[in-house]
Amino acid sequence: MVTILIIDSTVRNLDILQQYLNIESIIEVIPKNINGLEFIYNIIKQYSNIESLHILSHGVSGSLSIGNLVLNNKNIQEYSFLSEFKNYFVETGEILLYAC
């Protein structure tokens with residue numbers, strides 16, 4: 001099974017954080033100039049047995065900033081491919097969001 005950690009490049013002290021990450025995880029950094037949701041989708045499409053997807057980013061109540069995208073309830077419907085995420089996870093797979 002696969003664990004993927006996606007980190008937004010705007011997370012402070014990214015270089016220090018990366019020193020303490022689990023090296024058995026697949027770790028990717030979202031560039032700040034691209035759509036982070038599309039970036040994540042392109043990563044997970046490479047796998048069929050994802051146990052957990054961890055996303056570290058910034059957000060405020062009701063929105064998540066990933067790459068150059070601010071995802072919220074007003075634009076989430078534009079990303080119909082979100083419903084396909086489940087195809088790449090094991091039955092008990094999970095997505096964990098960490099934002100501040």
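What volume does the largest pocket have? In this predicted model, the volume of the largest pocket comes to about 200 Å³. Its lining consists of 14 residues, and those that lie nearest the centre are L37, L64, L71, L82 and L97. Two or more lining residues come from each of the elements α2, β3, β4, β5 and β6. By residue type, the lining of the largest pocket divides into twelve nonpolar residues and two polar ones, with no charged residue.

**Helix α2 and the nonpolar cores**

Helix α2 spans residues 36-44, and because seven of its nine residues are buried, the helix is largely enclosed by the rest of the structure. The buried positions are G36, L37, F39, I40, Y41, I43 and I44, and L37 is also one of the residues that lie nearest the centre of the largest pocket. The buried residues of α2 pack against six strands, which are β1 (2-8), β2 (26-30), β3 (50-60), β4 (63-66), β5 (69-72) and β6 (89-99). Where α2 starts, a side-chain oxygen of N35 comes to within 2.9 Å of the backbone nitrogen of L37.

The largest nonpolar core contains 22 residues, and within this core I40 and I44 touch the most other members. Elements that give two or more residues to this core are β1, α2, β3, β4 and β5, and the most come from α2, which gives six residues. When residues up to four places away in sequence are not counted, I44 touches I4, I50, L53, F85, Y88 and F89. Apart from this core lies another one, made of five residues, including I7, V11, L21 and L56.

**Residues V2, H54 and R12**

V2 is found in strand β1, and H54 has its place in strand β3, whereas R12 belongs to the loop between β1 and α1 (14-19). The relative accessibilities of these residues are set out below.

| Residue | Relative accessibility | Class |
|---|---|---|
| V2 | 12% | buried |
| H54 | 18% | buried |
| R12 | 70% | exposed |

The class of H54 follows from the cut-off, because a residue counts as buried under 20% relative accessible area and H54 stands at 18%. With what does the side chain of H54 make polar contacts? One partner is the side chain of S52, at 3.2 Å, and another is the side chain of Y98, which a polar contact of 3.0 Å joins to that of H54. If its neighbours within four places in sequence are left aside, H54 is in contact with T3, I4, L5, I6, L96 and Y98, so that Y98 appears both among these contacts and as a polar partner of H54.

For V2, with residues up to four places away in sequence not counted, the residues touched are I26, Y47, N49, I50, E51 and S52. I50 is thus touched by V2 and also by I44 of the largest core. V2 and L82, which are 80 residues apart in sequence, are 19 Å apart in space, C-alpha to C-alpha. In the case of R12 and S57, which are 45 residues apart along the chain, the C-alpha atoms are separated by 9.7 Å.

Key
Residues numbered from 1 in each chain as written. Heavy atoms only, no water. Buried < 20%, exposed > 50% of the residue type's maximum accessible area, 1.4 Å probe, protein only. Helix = DSSP H or I, 4+ residues; strand = E, 2+ residues; numbered from the N terminus. Contact = heavy atoms within 4.5 Å. Polar contact = N/O pair within 3.5 Å; in protein donor to acceptor, adjacent residues only side chain to side chain. 1 Å grid on protein atoms, 1.4 Å probe; cavity = no way out; pocket = protein on both sides within 12 Å on 5 of 7 lines; lining within 4 Å. Points joined across faces, edges and corners; volume = space filled by probe spheres on them. Nonpolar A, V, L, I, M, F, W, Y, C, P; charged D, E, K, R; others polar. Core = buried A, V, L, I, M, F, W, Y, C linked by side-chain atoms within 4.5 Å.
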